[in-house]
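Please open the model in your viewer and keep the sequence panel beside it. The tour below proceeds by selection, and each stop says what to pick and what is found there.

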Amino acid sequence: MTSEWDNDRDWIYVNNLSIRTTLGESHWPTPDSEKLEQPITVSIAIPQSLRLAGITDQLPHSLHYGELAELVEKICSQKGRFQCMEHMAHDVSAACLAEFHGLDEIRIRIEKQRALLQAASAGLEVTRRRDGTHVRYDKFLIKDLQLPAIIGIHPWERLEKQIVQINLASELEKWTPASAAFDYKYLVRKVSEHVSSSSHQTVESLISAVAQEALKASPALTKRVTARVGKPSALMFAERPEVQVTRVAGDFEGAATNGSTIQVSRGPRTAAIAFGSNMGNRFLNIEKALQLLEKDGSTKILDTSFLYETDAMYVEDQARFINGACLVSTTLEPQGLLKLLKKVEADVGRTPTFRNGPRMVDLDIVLYDDLISSTRKEDGTSKETEQMDLVIPHERMQEREFVLRPLADIIPKFIHPRLNLTMQALLNNVVHSSSSSPRIRKVTPFLCSSLVQRPDAIHAPESSYLTWTAKTYIMAIINATPDSFSDGGDHFSVSAAMKFVKSLYEKQSSGETFSFADIIDIGGYSTRPGAHQVSESEEIARVVPIIRAIRNEGIKTPISIDTFRSEVAKAAIEAGADCINDVYGLTGEGIEDHRILEVTRKLGVPVILMHSRGDAGKNKVYHDVGGVLAGVRKELGRKMDRALKAGVRRWNIIADPGIGFSKSVDGNLTLVRDLRKFTAPVSSISPTRSLQACVHSVDPLSSMPVLAGASRKSFLGSVIGRENTAKDRKAASIATHTAAIQQGADIIRAHDVIETWDLVQVADKLWRSS
């Protein structure tokens with residue numbers, strides 16, 4: 001290391017100080033790998049005049065490198081403090097400059113030996129000065145990357161791949177705490193893809209291509225790249241020949257794409273598309289657009305965000321928008337994808353209006369892999385008259401919360417190719433920078449996607465929808481069964497069920513009818529332990545007549561069908577129900593009905609996915625999965641991930657932890673007490689410039705709306721010490737649901753609806769008033 005510092009000054013070095021600490025991901029992206037200790041080395045170089053110390057032989061005239069090493073080790077060893085080497089170097093340099101007052105400059109090199117699978121280490125080298133002046137760029141280092149390649153001029157070298165050894169140093173602007181961490185794995189992947197598929201004859205050609213790939217990995221940020229390539233197998237009596245070059249972007253002609261048609265390599269690419277609508281049935285317009293997008297065959301939807309209702313931006317005197325985003329895999333180049341989006345807009349019914357005006361649907365490419373490009377010339381016009389303007393990344397996305405918030409739902413750790421900030425960081429900047437930003441609320445529509453196929457769909461009225469965080473919603477329970485645990489037989493007949501339904505409504509002095517319930521949940525199959533099995537036809541016969549009776553009364557309150565059977569769900573939705581409530585999370589568990597997931601996807605209605613382990617009275621131990629909260633999150637997360645990958649829209653999913661199902665008394669209490677953690681946002685990857693790596697990288701439960709249903713559950717009888725009947729647990733249910741609302745529950749599923757309505761009014765005033 002010492003030979004790499006400049007030699008015109010005196011220096012004090014501490015070389016390769018070995019430390020065990022936590023520092024982001026290791027070479028294997030295992031769960032919680034960022035929490036595990038790993039080896040690093042830290043080297044320090046201090047430019048310091050040693051003339052007086054050399055003459056006097058007195059240490060006070062120099063620097064005590066033992067104390068320096070002790071301070072560095074103390075800072076770096078703090079577990080959980082650092083997620084990246086940049087942060088560690090930032091804090092170490094600041095601490096050293098603060099502690100040793102004679103220092104004006106410090107250089108630090110940090111190396112992670114277990115950062116990359118195919119390289120000896122990933123590293124960082126920075127220089128910091130006390131006065132803050134810029135000395136040189138930060139260097140991001142990859143050491144001894146071993147890759148197979150066809151390389152050489154001899155015939156035998158064209159037959160078999162040999163190992164080449166690559167060292168890289170990418171120079172970037174000074175890192176700050178607001179910047180994203182450097183994505184070493186992405187750089188290695190891009191270089192590896194090229195080297196492994198290349199067949200250069202000379203090392204000089206290979207090294208030039210490697211430098212170009214390194215520059216392209218982050219073109220807006222990398223100022224210069226130094227690359228060195230060696231051929232260990234080339235010479236019999238030498239370790240290896242090596243070639244080293246230093247390049248900047250301008251050294252490669254044709255690298256810029258401004259003012260030209262965008263060309264990308266063949267094969268499926270990943271793109272992020274933002275969409276919005278503020279005319280007609282906004283939800284229907286969006287769903288129709290997404291279905292048309294996939295109908296082409298060239299483009300497949302990989303993931304969807306939540307939906308948000310937002311105030312109009314720029315031109316404010318117009319209806320509110322519904323906005324969202326999706327990730328797609330496409331074989332189309334950017335211009336081809338843009339043409340497809342414009343065709344879809346026209347097919348949905350969009351007609352030209354003024355800029356930023358109302359529209360039936362709007363579809364924009366905001367990201368296309370890590371591409372940075374524009375079809376505009378310097379004067380702002382398109383190079384070709386028939387070519388539509390396309391700027392990637394979208395030039396104004398960083399100022400639009402209605403774009404960034406959906407993107408943060410699905411790709412929070414993706415680093416903006418130009419701005420070097422993650423989507424989450426960009427969103428945070430927008431939210432914190434303006435007190436007058438447009439209102440934005442997460443919403444879930446009650447929309448059946450079959451409506452999309454109707455020829456008169458364009459004239460369909462707006463679908464009803466839930467606005468999350470605005471209030472706590474109440475789901476009223478109707479068990480059309482003779483053997484439910486709490487009210488078996490009370491609502492078994494249509495007349496009894498309708499009597500209960502009508503009790504939920506009250507005529508006000510204004511003449512309007514008020515409802516105590518926001519959703520009515522109807523079930524025809526008891527899931528209590530020991531309940532009798534019911535045939536599919538019998539379950540349909542129990543629930544469908546009640547649904548029809550409610551709709552025949554003109555009642556428009558959304559109806560949920562409580563079932564885990566595909567044919568029951570389909571019949572109920574066709575009869576007038578609006579969503580599905582599945583205790584087995586669309587797995588068909590216990591009855592092997594694997595069609596329930598596909599039927600739900602095709603129906604396109606909201607679905608409540610509940611955690612369960614089969615028989616509600618069994619399998620209550622969670623020690624082997626990290627406790628009840630971690631276990632519920634992991635197990636329900638797998639079911640939710642399966643649903644998302646099957647094409648169920650993220651905005652259509654509501655999460656239910658399954659209180660009272662396969663949990664002990666303490667387990668149920670833990671879920672209620674820590675309910676907010678049940679859907680706390682989690683991403684499984686570090687910041688990255690690979691859009692494809694971001695697909696399904698967010699924990700499926702992150703930020704999901706939550707339904708809590710503790711009403712009359714048996715564990716409440718155990719808590720109050722009286723093994724009374726289910727109907728005697730009203731007060732205990734109210735207390736539990738109060739705690740659930742305080743912990744962020746969005747829907748309360750209850751038997752005692754009017755009492756729960758009273759609870760919700762008070763609880764919302766306490767905890768949702770802001």
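In this predicted model, begin by selecting Phe275, which counts as buried with a relative accessibility of 3%. Add Trp651 to the selection; at 4% relative accessibility, Trp651 likewise counts as buried. The structure holds 12 aromatic pairs, and Phe275 with Trp651 is an edge-to-face one, because the ring centres are 6.1 Å apart and the planes stand at 75 degrees. Since Phe275 belongs to strand β10 whereas Trp651 lies in the loop between α14 (628-645) and β26 (653-656), the pair ties together parts that are 376 residues apart in sequence.

Next, extend the selection from Phe275 to the whole of β10, residues 269-277, where nine of the nine residues are buried. If you colour the two faces of β10 separately, Arg269, Ala271, Ile273, Phe275 and Ser277 fall on one side, while Thr270, Ala272, Ala274 and Gly276 fall on the other, and both faces are covered.

Which strands pair with β10, and in which sense? Show β13 (residues 321-330), which pairs with β10 in the antiparallel sense over nine bridges, and look there for Gly324, the residue that stands opposite Phe275. Then show β14 (residues 362-368), whose pairing with β10 is also antiparallel and runs over six bridges; in β14, Leu367 is the bridge partner of Ala272.

Now move to a second aromatic pair by selecting Phe283 and Tyr465. Phe283 is buried, with a relative accessible area of 3%, whereas Tyr465, at 26%, is partly exposed. The ring centres of Phe283 and Tyr465 are 5.2 Å apart and the planes are at 55 degrees, so this pair is described as tilted. Here too distant parts of the chain are linked, since Phe283 is in helix α6 (residues 282-295) and Tyr465 is in strand β18 (residues 465-467), 182 residues apart.

For a further stop among the rings, select Phe140, Phe182 and Tyr184, which ring pairs link into a cluster. After that, display two places where a charged side chain is set over a ring: Lys442 lies over the face of Phe306, at 4.0 Å from the ring centre, and Arg613 lies over the face of Tyr622, at 3.7 Å from the ring centre.

Turn next to the cysteines, and select Cys76 and Cys96. The structure holds zero disulfides, and for Cys76 the nearest cysteine sulfur, that of Cys96, is 8.6 Å away. Why is there no bond between Cys96 and Cys76? The sulfur of Cys96 has its closest cysteine sulfur in Cys76, and the separation of 8.6 Å is too far for a bond. Cys76 is buried, with a relative accessible area of 0%, and Cys96 is buried as well, also with a value of 0%.

Finally, select Thr563, which is placed in the loop between β23 (559-562) and α12 (566-575). Despite that loop position, Thr563 counts as buried, at 2% relative accessibility. Display the side chain of Glu539 together with that of Thr563 to see the polar contact between them, at 2.8 Å. To complete the view, and leaving aside neighbours within four places in sequence, show the residues in contact with Thr563, namely Glu539, Val568, Ala569, Ile580, Asn581 and Asp582.

Terms used:
Residues are numbered from 1 along each chain as its sequence is written. This is a predicted model: local features need pLDDT of at least 70, side-chain atom pairs count only at pLDDT 80 or more; totals for chains, interfaces and linings use all residues. Side-chain values use heavy atoms; hydrogens and water are left out. Helices (H or I, at least four residues) and strands (E, at least two) are DSSP runs, numbered from the N terminus. Buried means under 20% relative accessible area, exposed over 50%, partly exposed in between (1.4 Å probe, protein chains only). A polar contact is a pair of N or O atoms within 3.5 Å; within protein, one must be able to donate a hydrogen and the other to accept it, and residues adjacent in sequence count only if both atoms are side-chain atoms. Contact means heavy atoms within 4.5 Å. A disulfide is a pair of cysteine sulfur atoms within 2.5 Å. Two strands pair if DSSP finds at least two bridges between them. Rings of Phe, Tyr and Trp (its six-membered ring) pair if their centres lie within 6.5 Å; planes under 30 degrees apart count as stacked, over 60 as edge-to-face and the rest as tilted. A charge sits over a ring if NZ of Lys or CZ of Arg is within 6 Å of the ring centre and within 35 degrees of the ring normal.
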